[in-house]
Amino acid sequence: MKRRTKLENLNLTNIHGTTILHHNNHNHHPLLITFSLLATISTAQLDEDCNGRWIHIRNLPSKFNLQLLSNCSSFFPLFPDFCPYLSNHGLGPKTHSDSHSWYRTNPHLLELYFHRRLLEYPCLSQSPLDSNAIFLPYYSSLDSLRYLYGPDYNSSHLHGLDLYSFLQSDDPEIWRRNNGHDHFLIMASTSWDYSQPLPSYEDEERLWGTSFLMLPEFFNLTVLSLESRAWPWQEQAIPHPTSFHPSSVAFFDSWISRVRRSRRSTLMLFAGGGGTSTSGNPNVRRSIREECGVSQNSSLFDGTRFQKLCEIVDCSNGICEHDPIRYMKPMLQASFCLQPPGETPARRSTFDGILAGCIPVFFEDQSAKSQYQWHLSTTEFDEFSVTIPKEDVVFKGLKVVDVLMGIPKAEVRRMREKVMELIPRIMYRKHGSSLGLRAKKDAFDIAIEGTLQRIKDRLKDVSTAG
């Protein structure tokens, strides 16, 4: 009987010809770490559960993934040193020594985390031709750093072409079989950073970003990014990683209990930067700051006394990025968390707020509703969130406080329960977590399911069109 491989914990060197690196906090040198041994089980046990779910991890040269981790401090000070956050396979160090579930997670290392989690995926196949999808363990956002901050700045339109050349030269039938329609990768950043137009002539002035997503060679590829553009068909947004990565049902339930019993003494909260300048065009962040400035020390009695109508947690200059205590405690005390767009529409704070049971308030659909359809149901969107058009706030003088105070208390309670139901769907549990916790689908599980379905639908469309 033909045997498949089930990866409980895997030594990457043995199977994929690569090694996983992590950072030694003492000297900035990558160290080799291994997982445990490969276990095999027969197809009779797996085929039923894995039908239509087989994934092959493509064996890529380490220059496309693990070698990039050794450059973790190479672009400082233009780009922050991310060496301290490589530990725990990309989850980062624990927030404190006694923490069981909280880490200082760097979003750019989601590519490493996904790679690690896929090694636990129960339906891995060693045969690409028998697989339903093929994962490219290419750390695309980390590779982009040399084009954004390094010596290849003037060649940013070449980002990704080395990968394509490899796919065309190393067993090219794997790619050509479906012209890349069955391949997918992770892009741990906003897609806007990789959407620079291709140059029309050699000395054309370069804009910020690279051109990876504009390369015709990759138009058939499925790309999971932290924020997608509105129109391209190959992109799908997945949740930003928070700092919460439980390893067992007990730790997960402990957090849910804390969220449920938290006293919501603040009506609304904004955690973020921007909106402080009095010059330039009007924007919703400035309007929020101005409104909070008026009402920040106010209280109101409508059957429930709020100690604050509005609170601002200033996260300017990235001071909150690796310090969840700064914003999670205030979020636990707030009924509503404001999610105004910044340089791009989507925000990590959306998922931090959901994790805290704080009802999100959006100001445009592109911030979440049209981004994260796999994880945040569009048909139920109004049941767990509030949407206030930013134009009404900025140009028509609509007060956010008035809108939120107008929502009946019973409706607020129902919305918060719906928000709490979303927590498993937007968190990334720790690799190697308990079997009980694995029964709860997390953001990774839902992303993989969505990817497999998208690839299946796309191959069907291509077959029909052909």
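These legends accompany several close-up views of a predicted model.

**View A. A salt bridge between two helices, Arg146 and Asp162.**
Welcome to the first pair: Arg146 and Asp162 form a salt bridge, with 3.7 Å between their closest N and O atoms. Arg146 sits in helix α6 (residues 145-148) and Asp162 in helix α7 (residues 161-169), so the contact ties together parts that lie 16 residues apart in sequence. Arg146 is partly exposed, because its relative accessibility is 23%. Asp162 is partly exposed too, at a relative accessible area of 40%. The structure as a whole holds 24 salt bridges. Side chains of opposite charge can pair when their charged atoms come close.

**View B. A buried pair, Asp352 and Arg348.**
Here the side chains of Arg348 and Asp352 meet in a salt bridge, at 3.4 Å from N to O. Are these two residues buried or exposed? Both Arg348 and Asp352 are buried. Keep Arg348 in mind, since Arg348 returns as one of the contacts of Pro241 in View D.

**View C. A salt bridge within helix α16, Glu421 and Lys418.**
Lys418 and Glu421 form a salt bridge whose closest N and O atoms are 3.6 Å apart. The two residues are 3 apart in helix α16 (residues 409-426), which means that about one helical turn separates them. Glu421 is partly exposed, with 49% relative accessible area. Elsewhere, Arg117, Arg429, Asp442 and Asp445 are joined into one network by salt bridges that share partners.

**View D. The surroundings of Pro241.**
Pro241 belongs to the loop between β9 (235-237) and α9 (249-261). With a relative accessibility of 3%, Pro241 counts as buried. Which residues does Pro241 touch, leaving aside those up to four places away in sequence? The contacts are Thr105, Pro107, Leu110, Leu226, Arg348 and Tyr428. Tyr113 makes a handy distance marker: its C-alpha is 9.9 Å from that of Pro241, although the two residues are 128 apart in sequence.

**View E. The disulfide of Cys50 and Cys123.**
The sulfur atoms of Cys50 and Cys123 are 2.0 Å apart and form a disulfide. This pair links distant parts of the chain, 73 residues apart: Cys50 is in helix α2 (residues 43-50), while Cys123 is in the loop between α4 (110-118) and β6 (133-135). What is the handedness of the link between Cys50 and Cys123? The link is left-handed, with -75 degrees about the S-S bond. Both ends are out of the way of the probe: Cys50 is buried at 1% relative accessible area, and Cys123 is buried at 0%.

**View F. The disulfide of Cys292 and Cys310.**
Cys292 is joined to Cys310 by a disulfide with an S to S distance of 1.6 Å. The torsion about the S-S bond is about 45 degrees, so this disulfide is right-handed. Cys292 lies in helix α10 (residues 284-295) and Cys310 in strand β13 (residues 308-314), so the bond ties together parts 18 residues apart in sequence. Cys292 is buried at 0% relative accessibility, and Cys310 is buried with a relative accessible area of 0%.

**View G. The disulfide of Cys315 and Cys320.**
In this last view, a disulfide joins Cys315 to Cys320, with 2.1 Å from S to S. The link is left-handed, at -80 degrees about the S-S bond. Cys315 and Cys320 are buried. Counting bonded cysteines along the chain, the disulfides follow the pattern 1-4, 2-3, 5-6, 7-8, 9-10, and the count comes to 5 disulfides.

Terms used
Residues are numbered from 1 along each chain as its sequence is written. This is a predicted model: local features need pLDDT of at least 70, side-chain atom pairs count only at pLDDT 80 or more; totals for chains, interfaces and linings use all residues. Side-chain values use heavy atoms; hydrogens and water are left out. A salt bridge is a side-chain nitrogen of Lys or Arg within 4 Å of a carboxyl oxygen of Asp or Glu. Helices (H or I, at least four residues) and strands (E, at least two) are DSSP runs, numbered from the N terminus. Buried means under 20% relative accessible area, exposed over 50%, partly exposed in between (1.4 Å probe, protein chains only). Contact means heavy atoms within 4.5 Å. A disulfide is a pair of cysteine sulfur atoms within 2.5 Å.
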